Amino acid sequence: MNPNLNSEIIAVIAITNDDIISQFNEGAETLLGYSASEMIGLKKTVSFFLKEEFENFKNDIRSRYKEENLDLSPYKILAQHNGNDSREWTVIKKDGTTFIAHSTLTPLKNENGEHNGYIRILRNITNQKKIERDLLRKNHILNKAEKLTKIGSWQWNTTNDDVTFSNNLYTIFEIDLSETLTFDTYLSFVHPEDKEIVDISIAKSMTDNLFHDLLHRIITTSGKIKTVQIFGEVISDNGGQVIEFMGTCQDVTEQRMAEIKFKGLLESAPDAMVIVTDQGKIQLINKQAEKLFGYPSAELVDKPVELLLPKRYTNSHSTHRELFFKLPKTRKMGEGKELYAITKKGIEIPIQISLSPLKTEEGLLVSAAIRDITIQKKAEKKILEANGGLEVLAHKLTTKNIQLADFVHITSHNLRAPVSNLNSLLDFYKDAETEDEKIILFEKFEKVINHLTTTLNTLIEALKTKEESSKKVEILTFSEILNKTKEILSCQILNTNTKITSDFTEIPNITYNSVYLESIFLNLVSNAIKYKSEDRAPEIFIKTTIENGVQKLKFKDNGLGINLERHGHKIFGLNKVFHRHPDAKGVGLFMTKVQIESMGGKISVKSKVDVGSTFSINFNQKNE
């Protein structure tokens with residue numbers, strides 16, 4: 001039978017004082033599947049209720065009327081207090097299937113006022129419960145979707161000035177859910193510098209009967225500045241008067257910051273930058289491009305990029321552009337060929353172009369970095385005419401400069417940790433209340449200073465030696481290197497309650513460069529502490545293993561983790577940072593990779609955001 005029809009059927013069941021069924025109407029027969037002859041005088045209502053629900057019913061009645069006699073039935077308790085009971089039950093039908101019913105139980109009295117039984121009325125509410133569950137599930141999904149997308153919905157009844165926010169919009173504005181909202185409430189959060197924009201836009205929407213999308217800043221209850229994007233619709237009455245606005249509000253702070261950062265990077269680029277669509281239409285240029293080509297930005301936006309090329313290139317360029325979008329990758333354009341651009345005045349200039357694909361929500365764009373190489377061309381001609389020995393000297397100077405730059409990075413990074421530790425120990429020393437504490441801290445000062453002195457002497461000595469001698473190797477014990485690292489970082493470890501465990505049983509020693517191995521430990525341990533989770537104390541596990549004959553060293557932490565899909569390609573790059581930490585310099589992992597690879601090894605990482613990271617080092621076979 002259709003469950004919607006069952007919901008209209010009422011089962012009326014009368015029972016005696018002993019819970020024996022005395023009446024069983026046609027509706028009860030239909031809902032439960034029993035005939036009246038099967039039930040009357042033979043069965044109790046408990047026969048078609050779940051035992052655990054019946055126990056809950058008994059306990060509820062006893063608790064409601066504070067009945068301490070456990071032998072007294074719940075029916076008699078209701079009769080004594082002339083009470084009734086209304087609740088939901090799971091009803092078991094004759095065929096073993098179940099449905100959810102709403103039940104009302106009422107004691108009956110005869111004409112003399114004596115209690116002579118009870119009447120129970122059942123109605124099938126299974127379909128109603130399913131609808132309620134579906135609504136709850138859909139609301140739950142909607143709330144989740146709003147949180148994930150940082151979107152909330154809103155309504156503004158302009159007649160009574162009543163404003164309604166979705167739950168997530170309360171979260172975005174940091175408003176208590178119990179607060180009554182009006183349009184002035186919303187306005188009070190608008191950034192003072194954006195109030196005029198909002199007022200003009202709302203007034204225009206009222207006049208035009210068309211909502212004008214808004215992008216503006218708000219200041220939340222806690223003082224945070226956010227950027228929100230508001231879309232909406234206008235609802236009017238039959239007379240054309242606006243009676244309601246409704247729409248969505250999205251927190252686009254991160255996107256806005258990224259956009260500002262992107263534009264800032266674009267303007268700070270030393271080269272002329274031109275952003276082009278797959279149709280060859282110019283979307284954006286920077287000041288350097290305006291200066292190079294002599295066009296203001298407004299004259300180039302949505303114009304074909306071929307406008308910047310000599311006519312002899314225009315026919316072939318569209319073909320090259322289509323090929324690039326089919327297989328987009330960062331590369332130089334026209335490598336090995338001489339390329340030219342043309343200015344607004346018609347002057348041709350030799351250029352060098354680097355193309356990079358740029359994925360956006362609107363589709364794939366190409367970023368072209370264009371450099372005027374007029375001076376470079378002249379310089380190349382002079383270089384070709386110069387003595388060959390000058391090229392050799394220039395190469396040597398370049399190599400030395402790279403080595404010196406690398407040494408500066410290593411020196412500054414290796415000295416930062418102990419110096420930072422000294423500053424922290426000094427703070428602890430100032431706050432020490434007893435002489436014993438000061439003595440302990442002073443001992444730590446001595447250890448850190450000794451390590452700092454050793455590092456300085458080692459680095460100075462390394463600078464004096466030749467390249468090959470700087471890679472001098474010796475037998476090192478992993479546990480000793482770890483203990484030295486703990487001493488250098490003792491303050492950070494103590495301050496963050498960091499737990500460091502290790503297992504060097506499989507490979508206790510290794511033949512390696514001591515400066516490099518100490519630097520590797522210092523970088524990876526200090527990074528694990530620096531990028532710890534706010535929700536838990538740092539835990540670091542260090543282990544040596546042999547896998548397929550290769551000696552390995554692994555550092556595992558429970559920190560913030562790294563989004564490898566987004567940052568994996570640049571994780572070991574110089575000056576690359578992946579978290580907003582004030583001390584993040586993007587040097588440590590670069591140094592570590594350079595040091596490991598210079599010894600013939602490799603480093604890799606596995607990471608999951610908010611779970612942690614595992615760095616694996618494969619040592620070179622010849623150094624094992």
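This section describes a five-stranded sheet, the aromatic residues associated with its strands, and one further helix in a predicted model.

The sheet is open and comprises 5 strands in the order β7-β6-β10-β9-β8, with antiparallel pairing. Strands β7 (162–165) and β8 (214–219) occupy the edges; each has a single partner strand, so one side of each remains without a neighbour in the sheet. On average, neighbouring strands are turned by 30° against each other, direction ignored. Helix α9, spanning residues 195–208, lies across β6, β8, β9 (225–236) and β10, and runs at about 135° to β8.

Strand β6 (residues 151–157) is joined to β10 (residues 242–251) by 7 bridges, and the two strands run antiparallel. Within this pairing, Ile151 stands opposite Gln250, and Trp154 stands opposite Gly247. Strand β6 also pairs with β7, again in the antiparallel sense, over 4 bridges; here the bridge partner of Trp154 is Phe165. The hairpin of β6 and β7 has 4 residues between the strands, and Asp161 in this hairpin takes a positive phi near 60°.

The side chains of β6 alternate along the strand. Gly152, Trp154 and Trp156 point to one face and are buried, whereas Ile151, Ser153, Gln155 and Asn157 point to the other face and are not buried.

Both tryptophans of the buried face, Trp154 and Trp156, belong to a cluster linked by ring pairs, which further contains Phe165, Tyr170, Phe173, Phe183, Tyr186, Phe189, Phe211 and Phe245. Phe165, the bridge partner of Trp154 in β7, is thus named in the cluster as well. In total, the count of aromatic pairs in the model comes to 22. One of these is formed by Phe183 and Tyr186, a tilted pair with a centre-to-centre distance of 5.6 Å and an angle of 45° between the planes. Both residues lie in helix α8 (residues 183–189), 3 residues apart, about one turn of the helix. With buried meaning under 20% relative accessible area, Phe183 counts as buried because its relative accessibility is 14%, and Tyr186 counts as buried because its value is 10%.

A one-sided pattern of burial is found in helix α17 (residues 478–488). Phe478, Ile481, Leu482, Lys484, Thr485 and Ile488 are buried in this helix. These residues cover an arc of only 160° around the axis, which puts them on the same side of α17.

Definitions and conventions. Residues are numbered from 1 along each chain as its sequence is written. This is a predicted model: local features need pLDDT of at least 70, side-chain atom pairs count only at pLDDT 80 or more; totals for chains, interfaces and linings use all residues. Side-chain values use heavy atoms; hydrogens and water are left out. Two strands pair if DSSP finds at least two bridges between them. Axes are lines fitted to C-alpha atoms, for helices over the stretch in contact, and angles run from 0 to 180 degrees between N-to-C directions. Contact means heavy atoms within 4.5 Å. Buried means under 20% relative accessible area, exposed over 50%, partly exposed in between (1.4 Å probe, protein chains only). The arc is that of the directions from the helix axis to the C-beta atoms. Rings of Phe, Tyr and Trp (its six-membered ring) pair if their centres lie within 6.5 Å; planes under 30 degrees apart count as stacked, over 60 as edge-to-face and the rest as tilted.
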